[in-house]
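Biologist: Please walk me through one part of this model at close range, starting from a single residue and working outwards. I would like to know where that residue sits and what surrounds it.

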Amino acid sequence: MTNPRPGMDLTILYRGPLASCDYDCGYCPFAKRRDTPEQLRADRAALRRFTTWVGEQAGSGDRISILFTPWGEALTRSWYREAMVELSHLPHVNRVAVQTNLSCRLDWLEQADLDTLALWCTYHPDQVEFDRFLGKHRTLVRQGVRHSVGIVGQPEHLDAARRLRAALDPATYLWVNAAEGRTYSDAEATQWAEIDELFHVSRLPHTSLGRACRTGESVISVDGEGLVRRCHFVSRTDSGEKLGNLYDGSFREQLRPRPCPLLQCDCHIGYVHMPELELYPVFRNGVLERIPGTRHDASMPKLSQLQFTRSSSPVHPAPIASGTWPTPT
């Protein structure tokens, strides 16, 4: 099938069958879940099929960016590490990133193209010793691996987040995700914003129904069977947002601007693609790995100028300290 949109920039959020994790975080429904050997083989085959497809697009003129967003922990599985390395060396891949708890070994990164590969790392204070996680971060810094570090904004995590911010390399961005279902008072939000200047973006869900979003146009969600939907969150509904299949090319003719069918969006990997939030200029080439650009860039919008449409009362950003955004590592 010919490509009806040659030379496009396509971002793929890939989530295969893998749903097992080595952590048992109380706020995650997939904690300590174990996939059967059959499930793991199916996941490995699905990922191999996906990486093969990406490689075959070399002559299409497309530029592809990939974020792996597994339900479980991917980098403890050799096939994800191998896929990250392989994809990082493809000239038509702009970025390949993965969400990870960083529990895996890190020597495999020496084989990757670090101009292309990046990591979205989450620190879970009750699952890993502080010094062990910090040591992994410092290894990434020494290796020159682009990465952000984040934490879930649970009240019991506040002291750990402060300690982490003080210990991290100053150039590393530390993001804070608002805990699902939690309401933050202004005083609580201010405490978290002292750690992450962008916490106000995460604090409340964004109204999304009927609003523009790049998902379904230049950003797509792909599962292990190659089924394409506009994003992970619409895929949970019966709104008829199936956009075809990646492997037969049927998805391409369905790529177009379309309004969001959901009432609200409360996850970074979803709302970052809403044009009205103006977060692409904030994150620049770090959208997938969640690394902002520099504030000294005159063309970058000031946070105080960003307008956020919420499902409840708007949040007033905390004052921004002088200095720069953390420079991507």
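Modeller: Happy to! A word on terms to begin with: a strand here is a DSSP run of E with at least two residues, and strands are numbered from the N terminus. Please also keep in mind that this is a predicted model.

Let's start at Ile66, which belongs to strand β2, covering residues 63-68. Is Ile66 buried or exposed? The cut-off for buried is a relative accessible area under 20%. Ile66 has a value of 0%, so this residue counts as buried.

What does Ile66 touch, once residues up to four places away in sequence are set aside? Its contacts are Ile12, Phe50, Val54, Leu87, Arg95, Val96, Ala97 and Leu288. Take Arg95 from that list: this residue is 29 residues from Ile66 along the chain, yet their C-alpha atoms are 6.1 Å apart.

Now for the strand around Ile66. Strand β2 pairs with β1, which spans residues 9-15, and the two run in the parallel sense with six bridges between them. Within this pairing, Leu10 is found opposite Ile64 of β2. Ile12, one of the residues that Ile66 touches, falls within the span of β1, residues 9-15.

Stepping back, β1 and β2 are part of an open sheet of nine strands, in the order β6-β5-β4-β3-β2-β1-β9-β10-β11, with mixed pairing. At the edges are β6 (174-177) and β11 (242-245), each of which pairs on one side only. From one strand to the next, the twist averages 25 degrees.

The ring side chains add to the picture. Phe50, another contact of Ile66, is in a cluster with Tyr14, Phe68 and Tyr80, linked through ring pairs. Phe68 is also within the residue range of β2, 63-68, while Tyr14 is within that of β1, 9-15. Also in the β1 range of 9-15 is Arg15, whose charged end sits over the ring of Trp71 at 4.0 Å from the ring centre.

For a comparable arrangement elsewhere in the chain, look at Arg214, which lies over the face of Tyr280, 3.6 Å from the ring centre.

As for ring pairs overall, the model has 10 aromatic pairs. Among them is the tilted pair of Trp192 and Phe199, with 6.4 Å from centre to centre and 35 degrees between the planes. Trp192 is buried because its relative accessibility is 3%, and Phe199 is buried because its value is 1%.

Technical notes: Residues are numbered from 1 along each chain as its sequence is written. This is a predicted model: local features need pLDDT of at least 70, side-chain atom pairs count only at pLDDT 80 or more; totals for chains, interfaces and linings use all residues. Side-chain values use heavy atoms; hydrogens and water are left out. Helices (H or I, at least four residues) and strands (E, at least two) are DSSP runs, numbered from the N terminus. Buried means under 20% relative accessible area, exposed over 50%, partly exposed in between (1.4 Å probe, protein chains only). Contact means heavy atoms within 4.5 Å. Rings of Phe, Tyr and Trp (its six-membered ring) pair if their centres lie within 6.5 Å; planes under 30 degrees apart count as stacked, over 60 as edge-to-face and the rest as tilted. A charge sits over a ring if NZ of Lys or CZ of Arg is within 6 Å of the ring centre and within 35 degrees of the ring normal. Two strands pair if DSSP finds at least two bridges between them. Axes are lines fitted to C-alpha atoms, for helices over the stretch in contact, and angles run from 0 to 180 degrees between N-to-C directions.
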